[in-house]
Every structure is written in structure tokens, then in C-alpha cells.
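Me: I'd like to talk through the salt bridges in a structure I have open. Could you take my questions one at a time?

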Amino acid sequence: MNGMIWVILFGALATYGTRIGGHLILSRFERIHPRVQAGLNAVPAAVLTTLVAPAMITAGPAEWAAIIFAAFIGLRAKLTGMFFASAVLLIVLRQIGFS
Amino acid sequence: MTAPPLSPAAGFVAGIVRSLPICAAIAPFGLLYGALAADTGLSVFEATFMSATIFGGASQMVGLQLFDGRVPGWLIVLSIFAVNFRHILYSAALGPKIMHWRPWQRLVGWFVLSDPQFAESMKMADKRPVAFSWYFGLGLTIYGLWVLESYLGARFGALIEDPEALGLDFMLPLYFFGMLYDFRSRKPFFPIVGASAAGSVLAMLTVGSPWHVSIGAICGIATAILIGAPEAPPPMPPEAKERTT
């Protein structure tokens with residue numbers, strides 16, 4: 001089990017490296033090209049999509065319904081309300097066996 | 001950058017308050033991670049230690065999957081790195097917004113740079129300078145509760161009888177969708193999402209997890225770079241002001 005601690009520690013080092021590394025690399029450049037800036041601005045949307053899209057492919061009707069409901073709620077509510085409302089819908093749909 | 005900066009104490013409290021819905025949303029994952037870790041054979045200490053040092057839910061889950069078999073340690077570390085590779089992009093995007101911090105503040109700040117931390121900070125940067133006190137209040141609360149939930153999950157996780165019925169497996173995508181949705185007014189949102197979605201799904205079906213995250217993200221970012229900024233800037237949208245840095 002001692003080996004597991006080492007794997008965790010090196011995993012933590014690698015993770016911290018990703019969190020500080022992007023900045024260390026980019027800060028070497030004096031000014032940032034507009035296209036690079038456009039790319040950086042795209043990072044949140046681009047990454048978040050990759051955490052959602054594949055899960056949507058493997059999901060079923062209950063999950064799709066929850067996502068559509070979330071998008072609808074999100075037109076008015078903020079993230080918290082959106083999340084909890086759609087989470088409740090998902091749980092209800094699963095409980096009644098709609099999936 | 002229309003509003004003046006907050007005082008450190010007010011900023012810290014505002015950060016804590018902002019973290020609460022995030023904490024509520026990720027609490028099930030902390031507990032779930034702890035429960036899965038115990039199920040995989042990690043001790044309560046190891047499960048908690050992993051959360052306290054890595055602090056990246058998705059990568060911890062992937063790590064757990066690999067701990068189970070006879071996968072060599074270096075490959076587990078590499079997989080954790082691959083899942084967390086997106087932080088390189090976060091770090092590069094956030095860096096210019098926190099250059100007014102002291103060096104030690106930045107060293108601390110990088111450590112807690114999680115998905116919600118990044119999304120909230122970028123939203124904050126659109127409105128006013130990202131204060132360390134606010135960032136730290138946000139990050140410390142998320143971190144502290146994440147470690148606590150991991151501990152509780154590992155200690156008591158066996159009590160959850162049917163995680164599927166509670167929808168635990170889909171809470172993470174649902175939450176990420178909400179965060180993504182908040183960015184929809186940032187052009188070119190739909191081309192980026194379309195490219196990332198196509199890229200990540202294709203990568204998932206061919207190369208497999210966890211590389212779909214990096215590959216999909218690169219597709220979306222490349223799309224944004226290709227579209228680029230207009231040659232002669234037309235009337236600037238509010239968020240474009242920050243580009244002068």
C-alpha cells in the first residue's frame with residue numbers, strides 16, 4: 001500500500017504542474033497575439049463541452065430531459081437553481097423508471 | 001472592470017458565499033469519490049490524502065479505476081496528468097488576470113485552480129479585478145469541503161445503497177452543463193461548442209478516455225483561433241476591454 005502513496009504524490013505533483021505550467025509557459029511572451037487571446041477565451045467553453053458531450057451520447061431519455069430542462073430553466077435562473085431543478089427532475093425520472 | 005475592488009475581508013466572505021452553491025453541487029461527488037475509493041481498497045487515510053494533494057475530482061476517479069488492476073504506477077500518474085491537462089489551459093488564461101498578486105499568493109492560487117474555480121474567476125475578471133482574498137475564500141471553502149466529503153465518503157460510503165437511483169453518475173455532466181451554459185453570450189460560443197463536442201465524442205469513440213477531454217478542447221480552441229479576433233476591431237463588446245492587457 002506504500003506504493004499507492006507514491007502514486008498519489010506524483011499524481012499531485014503532475015497536477016500542480018498543469019495548474020502552474022500554462023501560465024509559466026505563456027508569461028514568457030511579451031504580448032499576446034489576438035488569435036491566441038481568442039483561443040484562451042475559448043478555453044472554458046471548449047473544455048466544459050468535452051465534459052458534457054460524450055456523457056450525453058451514452059445517456060438516455062431521462063438525462064436528455066434533465067439537460068433540456070436545465071437549458072430552459074437557465075434562461076431565467078442562475079447556475080444553482082438550474083442545477084438543482086434539473087437534478088431533482090433527473091432523480092424523479094429515475095425513480096419512476098423513465099430511462 | 002467597472003466596480004472598485006473589495007476590502008480583503010469583504011472579498012474573502014464574498015468568495016465563501018459564492019462557493020456555497022458550488023460546494024452543494026459537488027458534495028455528492030466528494031462523497032461518491034470517498035465511497036468508491038474505499039470500495040477500491042484505499043484506506044480512509046489514502047482516500048482523504050488523495051483529495052488533499054491532487055484536488056481534482058475527475059482525475060481522482062480515473063486514478064481509482066486504475067488502482068484496481070495491475071496497472072503500473074507511472075501509467076496511473078500519466079492518466080491523472082492527462083485528465084488534468086486542461087488545467088494548463090486554465091492556467092494560461094487565468095495568469096494575466098492575477099499578475100497583481102504577490103508571488104506566494106499565486107503559488108497558493110494555482111494549487112486550488114479547479115474547474116469551478118476557473119469558471120468563477122473568469123466570470124469575475126469580466127466584472128472587476130480578481131482579488132486574492134475573494135479567490136482564496138472561494139478556493140479554500142471548496143477545497144476544505146472536498147477533503148471533508150472525501151473523508152466522510154470513505155468512512156461511511158457503504159451506507160449508500162443505490163447511487164444510480166439518486167442520479168449520482170450524471171450529476172457531474174449536469175453541473176458542467178450549467179457552467180457551460182453561463183458562457184453562452186461569449187462569442188463565438190456555438191462554433192466552439194460544436195467543434196469541442198464533435199472532437200470529444202470522436203476521440204471518445206476512437207482513442208478513448210481520458211484523452212477525449214484534451215482532444216475535444218483543442219478542436220474548440222482551434223476553431224476560436226481560426227475565427228480569431230476581427231482585423232479592425234469594431235465597437236468593442238464589454239468583455240473585449242480586458243484584451244488590452
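Me: Is Arg18(B) buried, partly exposed or exposed?
Reply: Happy to help, and do keep in mind that this is a predicted model. The class "partly exposed" runs between the 20% and 50% cut-offs. Arg18(B) has a relative accessibility of 27%, so the class that fits is partly exposed.

Me: Which residue meets the side chain of Arg18(B) in a salt bridge?
Reply: The N to O distance in this pair is 3.0 Å. Arg18(B) lies in helix 1 (residues 8-40) of chain B and its partner in helix 7 (residues 115-127), so the pair ties together parts that are 102 residues apart in sequence. The partner counts as buried, at 5% relative accessibility. That residue is Glu120(B).

Me: Which residues join Lys123(B) in one network of salt bridges?
Reply: Lys123(B) forms a salt bridge with Glu120(B), with the closest N and O atoms 3.7 Å apart. These two are 3 residues apart in helix 7 of chain B, so about one helical turn separates them. Through shared partners, Lys123(B) is joined into one network with Arg18(B), Glu120(B) and Asp182(B).

Me: Over in chain A, how far apart are the closest N and O atoms of Glu63(A) and Arg94(A)?
Reply: Glu63(A) is buried at 7% relative accessibility, and Arg94(A) is buried as well, at 16%. The two form a salt bridge, and their closest N and O atoms are apart by 2.5 Å.

Me: How many salt bridges are there over all chains?
Reply: The pair Glu63(A) and Arg94(A) is a salt bridge in chain A, and Glu120(B) with Arg18(B) is one in chain B. A search of the whole structure gives a total of 6.

Key:
Residues numbered from 1 in each chain as written. Chains lettered and ligands numbered in written order. Predicted model: local features only at pLDDT ≥ 70, side-chain atom pairs only at ≥ 80, totals over all residues. Heavy atoms only, no water. Salt bridge = Lys/Arg side-chain N within 4 Å of Asp/Glu carboxyl O. Buried < 20%, exposed > 50% of the residue type's maximum accessible area, 1.4 Å probe, protein only. Helix = DSSP H or I, 4+ residues; strand = E, 2+ residues; numbered from the N terminus.
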